[in-house]
Amino acid sequence: MIGTWLSILPPVIAIVMVLTTKRVLLSLGAGILSAALLVASFAPVETLTQLGKALIVSFWADGELNTYNIFIMLFILMLGVITALVSLSGGSRAFAEWAVTRIQTRRSAKLLTMILGIAIFVDDYFNALAVGQIARPITDRHKISRAKLAYFIDSTSAPICVISPVSSWGAFLIGQLAIILATTATVNYSPIAAFLMMAPMNFYVIATLAMVFFFAWTNIDFFAMKDHEKRAEEKGELFDPEKEIPGQLKDEFPEHSHGRVRDLVAPIVSLVAVTLTSMVITGIRIGGELNIWSIFENMDVPLSLVIGGVAGTLIAIILYASQFKVNKTASTGLIVQAFVSGVKAMMPAVLILILAWSLTHLIDILETGLFLSEVVSKSNIPVAFLPVVLFVLAGLMAFSTGTSWGSFGILLPIAGTIMVNAAPELLLPALSAVLAGAVFGDHCSPISDTTILSSTGAGSNHIDHVSTQLPYALMAAGVATSGYFVLGLTGSIWIGLVAVIIILAALFTVWNVRNSKKAVSVTAE
């Protein structure tokens, strides 16, 4: 059953159940069970063994502690603790009141979130969680739904990381390009030059970032997102209180007026500064040289996140403790309560991550990605249209497996081999189409870790985030697909890019005209 069409069933079961039942843990559990059954060929004892291995892979893998996943989970829990401590100190309230005097419109709040998402381009995990912590008090104050915040976070983090050479993604991809380009003498690009040249060929990233700006600038929304925004703006309901919201504190702390802006800013700035510094230090220590590309290729992101999280937590504790003399409600007991509350608030996100990683582990054993890639490599598709086919395939693969990096690892070498032998002039567009498709599939997949972390950072229900972002991701993918199709017809990268720009301009114009007509009709009534 490994490497056959049956390997697609577990992710399909999990994804369909997530979208129909709205119960993430149950759906992931069903996907894991079906995958374990296939891996074990339905043998009961072996199925239980595979289930056990899959569930502990987040903590123990390859005979040692899985520090990568453990550190990510610890960082998420520490973010919950920092959020609780900032709330306890009154920092969130003080920052929101301060921000409202300077960021006075919903448009400004949305644009700030988008700018933060683009500016923090070092790593997608770091981006998703840090931007949420900074922007949430501002977007909450301006009655922007948590689902919309999650969309802004998710649709800027991975897209900007995949085209930035100075990021964890860039370092990984430049390394992959070096291997692929070393196999051919017909393409005379250095890996870094090839990576930079591929940025304007990533039509999905261009479409997504353009749409993020459009939806931040305007008050236009579609489908489920429109309902969330309407409820937030008219009723002040930023999320459904009956749904599980990662990072949403359950316990109420005593209200007081001693909070200061620095009670929120200092912990977050400390977290960001210490994390970035740790990334550089670990990159130098592991890489052994003071070279920017070596640093980003070798930096230990999860460890750096934990170190930054510890620093942010300590600063938050110190700032709250400084209130003891003036705040009669302050006490060490409330600090302990904040720790418990913060951990409890983040546990749903951690559990979802553990099950998503477990499912990804079993899907990897089933070789789902390899099966999908072989379907294309054995087909008789015209070479000119391989970029569009690779875009769609990478999207399906990332959607099914929940990992864009896994799709990169499988499809980039395959695409490289095909294009070097068949059409070297289309090598970079084909590789860029793989990157674009993998990010698209990652955006749509409810079992993707970056999607989970984006909803966590925004404090949004995970299914609400997936269901509201999906139509926007599909629209951006439709634009990108058209661009790659035009590229195939004309053989010109630039004509394909112009087609993308024209389609986006047409869409934005139509949406604006329709919105204006609706506004006029409402005014007339």
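The exercises below work through a predicted model of one protein chain, each with a stepwise solution.

Residues are numbered from 1 along each chain as its sequence is written, and side-chain values use heavy atoms, with hydrogens and water left out. Because the model is predicted, local features need pLDDT of at least 70 and side-chain atom pairs count only at pLDDT 80 or more, while totals for chains, interfaces and linings use all residues.

**Exercise 1. Describe the overall fold and dimensions of the protein chain.**

Step 1. Begin with the secondary structure, which comes to 23 helices and 2 strands; helices (H or I, at least four residues) and strands (E, at least two) are DSSP runs, numbered from the N terminus.

Step 2. Turn to the dimensions: the C-alpha trace spans about 75 × 65 × 50 Å along its principal axes. The radius of gyration is 23 Å, which agrees with the value near 24 Å that a compact globule of 525 residues would have; this radius is taken over C-alpha atoms, and the globule rule is 2.2 Å times the number of residues to the power 0.38.

Step 3. Consider the contacts, where contact means heavy atoms within 4.5 Å. Among contacts with a separation of 6 or more, 78% join residues that are 24 or more positions apart.

**Exercise 2. Characterise the surface and the charges of the protein chain.**

Step 1. The chain exposes about 21200 Å², of which carbon and sulfur atoms supply 67%; accessible areas come from the Shrake-Rupley method with a 1.4 Å probe, and for residues only the protein chains shown count as cover.

Step 2. Of the 525 residues, 55% count as buried, where buried means under 20% relative accessible area, exposed over 50%, and partly exposed in between (1.4 Å probe, protein chains only).

Step 3. There are 29 positive and 32 negative side chains, and the centres of the two sets lie 11 Å apart. Lys and Arg count as positive and Asp and Glu as negative, with His and the chain ends not counted, and the place of a charge is taken as NZ of Lys, CZ of Arg, CG of Asp or CD of Glu.

**Exercise 3. Identify the nonpolar cores and the contacts of Leu431.**

Step 1. A nonpolar core is a set of buried Ala, Val, Leu, Ile, Met, Phe, Trp, Tyr and Cys residues joined through side-chain atoms within 4.5 Å. The largest has 75 residues, and those with the most contacts inside it are Tyr204, Met211, Phe391, Leu431 and Tyr484.

Step 2. Helix H20 (residues 427-444) gives the most to this core, with 12 residues.

Step 3. Leaving out residues up to four places away in sequence, Leu431 touches Leu177, Ile180, Met198, Leu412, Ala415 and Gly416.

Step 4. Another core, of 66 residues, lies apart from the largest one and includes Ile70, Leu116, Ala150 and Leu355.

**Exercise 4. Compare the settings of Gly342 and Val100.**

Step 1. Gly342 is placed in helix H16 (residues 332-366), and with a relative accessible area of 0% this glycine is buried.

Step 2. Not counting neighbours within four places in sequence, Gly342 is in contact with Leu77, Gly80, Val81, Ala84 and Leu249. Gly342 and Leu85 are 257 residues apart in sequence, and their C-alpha atoms are 8.2 Å apart in space.

Step 3. Val100 lies in helix H5 (residues 91-102) and is partly exposed, with a relative accessible area of 29%. Beyond residues up to four places away in sequence, Val100 touches Arg141 and His142.

**Exercise 5. Locate two phenylalanines with positive phi and state their exposure.**

Step 1. Phe42 has a positive phi of about 70° although it is not a glycine. Phe42 sits in the loop between helix H2 (24-39) and helix H3 (44-56), and at 47% relative accessibility Phe42 counts as partly exposed.

Step 2. Phe223, whose phi is near 55°, lies in helix H12 (residues 223-235) and counts as exposed at 57% relative accessibility.
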